[in-house]
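Student: Could you take me through one part of this structure slowly? I would like to see how a single piece is built and what surrounds it.

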Amino acid sequence: MNYQELAKLIIDNVGGEGNVKSLTHCATRLRFNLMDDQKTNEKVLKSTPGVMGVVNKGGQYQVIIGSDVGNVYKEIISQTSISNDGDKGKEEDNRSVFAKVIDTITGIFTPILPAITAAGMLKAVLSVLVVFNVLTTESQSYQIINFMADAAFYFLPILLAASSAQKFKANMYLAMMVGGILLHPNFIAMVTAAKETGEAIKLIGLPISAVSYSSSVIPIILSVWFMSYIEPIADKISPKAIKFFSKPLITIFIVGTVSLVVLGPIGYLISDAISNGITVLESVSPWIVPLLVGTFSPLLVATGTHYGLVPIGINNRMTTGYDTVIYPGMLASNVSQGAAAIGVGIKTKDSTIKQLAFSSGLTGLFGITEPALYGINLRFKTPLYAAMIGGAVGGLFMGIFRVRNFSGGSPGLLTLPSYIGDNTLSFFYFACIGAAISIVVTFIATLILYKDPVVEETSESNESEKNPPSKLNISGATIVSPLQGKLNSLKQVDDGMFSEEILGQGVAIEPSEGTVISPVNGTVSALFDSKHAIGITSDDGIELLIHVGIDTVQLNGEGYEYSVQKGQRIQIGDKLIQFDLEGIKAKGYKTITPVVITNSAEVGDILTANDGPINLGEEIIKVMK
């Protein structure tokens with residue numbers, strides 16, 4: 001591969017150097033932050049040798065290279081004046097405000113989703129137990145499990161304070177303190193008394209609205225955003241000798257006051273307006289929004305803008321106890337995408353497409369749609385149209401019957417229990433029926449619309465015959481586990497580049513300890529600035545990529561330390577990476593670690609061990625002729 005030519009071609013087709021605000025890379029992708037993504041030539045990029053794919057998502061324009069990404073990145077940096085600090089100035093930054101908003105929403109809500117999902121599923125379990133007369137609502141067991149579930153909802157402002165602080169670059173603990181101010185029992189008591197007596201609440205003469213902020217979403221986000229501007233000012237005006245206590249004092253007093261007097265009430269009014277708007281829409285035409293969400297969610301996912309819907313669904317559940325518009329529509333859309341891919345798998349005669357379609361289709365049914373969307377539906381277009389048709393019909397059905405979602409989660413078959421609530425199973429039944437309608441309609445539409453791209457496939461087949469892949473003819477080579485933990489299939493990885501084996505075959509390990517050792521005798525071939533991944537070439541010629549966590553490139557090396565250098569000779573058992581397992585999890589990142597043979601096509605047949613507990617040094621992969 002000629003890295004110089006590839007780097008020049010990529011820069012030219014992302015709109016030129018002047019269109020790039022910043023550039024970073026992870027273990028497989030160049031991640032561009034562009035001025036205007038309309039200036040790119042995506043068609044040329046996707047057809048360029050050395051480029052495995054292009055994804056425009058979440059405010060980033062990602063060019064997928066594979067294990068050679070570090071070399072391409074270095075060549076781009078050497079050919080241009082592009083940096084990775086994104087300091088082009090505010091005027092230019094304003095050109096991508098929408099992308100920034102979506103990226104901010106994603107960063108705030110994604111880390112707290114496990115807590116919200118757990119709480120909702122506990123509520124679903126309680127509803128089932130009540131429906132089948134196992135518990136009564138008066139029993140202590142019910143009440144204890146109920147307040148366990150309510151904890152995540154009640155203290156939602158504190159959870160959001162922590163994730164908002166990370167996104168807005170503010171002090172997390174001060175932000176959580178602001179959340180605590182809004183939820184303090186004394187303040188709640190004052191609000192209750194004010195509502196009963198009609199007397200105003202005042203702070204040094206400033207009126208405070210008698211509003212309760214438990215389970216609220218918008219007030220704390222506005223408050224932490226405001227704090228991100230006040231904290232630097234407090235730092236600047238505080239004398240150095242007393243900055244340790246004067247900076248937090250000034251920050252909390254100003255932010256706490258403004259939050260109670262101004263931002264909290266504004267956020268409450270916004271939340272209330274959204275809730276009332278949804279209620280009015282439901283009373284007029286309850287089917288409209290689920291229909292639209294079910295239809296157009298694939299397009300929103302493709303652009304990363306579907307994250308803008310997540311806060312609306314959460315806000316609905318926090319204000320009314322359930323969501324009837326966003327999550328039901330997304331359920332219809334997600335299962336439709338899975339059904340479309342499976343339909344392609346059944347109809348296609350191409351074995352490669354068939355394998356990809358079935359595997360990505362199953363993950364789509366379970367709520368992870370990116371593999372099906374990028375690997376099949378967008379690629380062949382007609383499955384996308386079929387998925388939109390099925391999503392529309394399913395969304396319409398669930399809108400008409402006002403299906404209620406009580407806990408969120410990734411919309412799919414696995415989260416159907418999140419439609420159990422209000423001590424009834426009726427919404428669960430209707431959600432199941434709506435999902436089934438979406439699947440059946442999409443499947444039939446796919447079988448009617450999809451046709452194999454005969455010309456392109458024939459061309460590729462001829463090309464393959466002319467240039468058959470070379471083989472290293474390795475036989476009997478083994479790869480041992482670089483981690484202690486649980487062995488999984490790559491399909492368990494929430495990233496289509498790994499789960500669809502685009503980068504190569506291998507396994508995934510959910511680590512229980514934060515140490516990565518060498519799984520082979522060989523040489524360190526690639527290191528990364530973010531320290532979250534490592535490339536190794538074994539003495540047999542096997543090229544390995546060990547990628548610790550998903551999207552952990554965003555940590556910029558925090559929590560990771562290399563124990564080796566590039567080009568260093570290594571033996572099985574040598575320490576490669578030390579990482580802070582619990583710290584990475586606490587920041588909301590998944591730590592599942594793909595171990596991939598990136599030159600799989602050259603090495604022969606690859607056999608992997610069965611899923612289950614795995615110890616350091618145990619065999620996980622065997623290469624045969």
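Tutor: Happily; here is a close look at one helix, followed by a short visit to some strands. Keep in mind that this is a predicted model.

Let's start with helix H6, which covers residues 113-131. At 1.5 Å a residue, its 19 residues should span 27 Å, and the end C-alpha atoms are indeed 27 Å apart, so the expected and computed lengths agree.

Now look at which residues are covered. Ile116, Ala119, Gly120, Ala124, Leu126, Ser127 and Val130 are buried in H6. Viewed down the helix axis, the buried residues of H6 fall within an arc of 160°, so they line one face. The general idea helps here: an α-helix has 3.6 residues a turn, so residues three or four places apart point the same way.

What does that face of H6 meet? Its buried residues pack against three helices: H7 (140-154), H8 (156-168) and H14 (310-320). Just after H6 comes Asn133, with a positive phi near 60°.

For a contrast in style, find strand S12, residues 533-538, where five of the six residues are buried. On one side, S12 pairs with strand S11 (residues 522-527) in the antiparallel sense over five bridges, with Val524 partnered by Ile536 of S12. Five residues lie between these strands in their hairpin, where Lys531 has a positive phi near 60°.

S12 is also joined to strand S13 (residues 543-547) by five bridges, again antiparallel; here Gly535 has Leu545 as its bridge partner. The hairpin of S12 and S13 has four residues between the strands, and Gly541 in the turn shows a positive phi of about 95°.

Definitions and conventions: Residues are numbered from 1 along each chain as its sequence is written. This is a predicted model: local features need pLDDT of at least 70, side-chain atom pairs count only at pLDDT 80 or more; totals for chains, interfaces and linings use all residues. Side-chain values use heavy atoms; hydrogens and water are left out. Helices (H or I, at least four residues) and strands (E, at least two) are DSSP runs, numbered from the N terminus. The expected span of a helix is 1.5 Å times one less than its number of residues. Buried means under 20% relative accessible area, exposed over 50%, partly exposed in between (1.4 Å probe, protein chains only). The arc is that of the directions from the helix axis to the C-beta atoms. Contact means heavy atoms within 4.5 Å. Two strands pair if DSSP finds at least two bridges between them.
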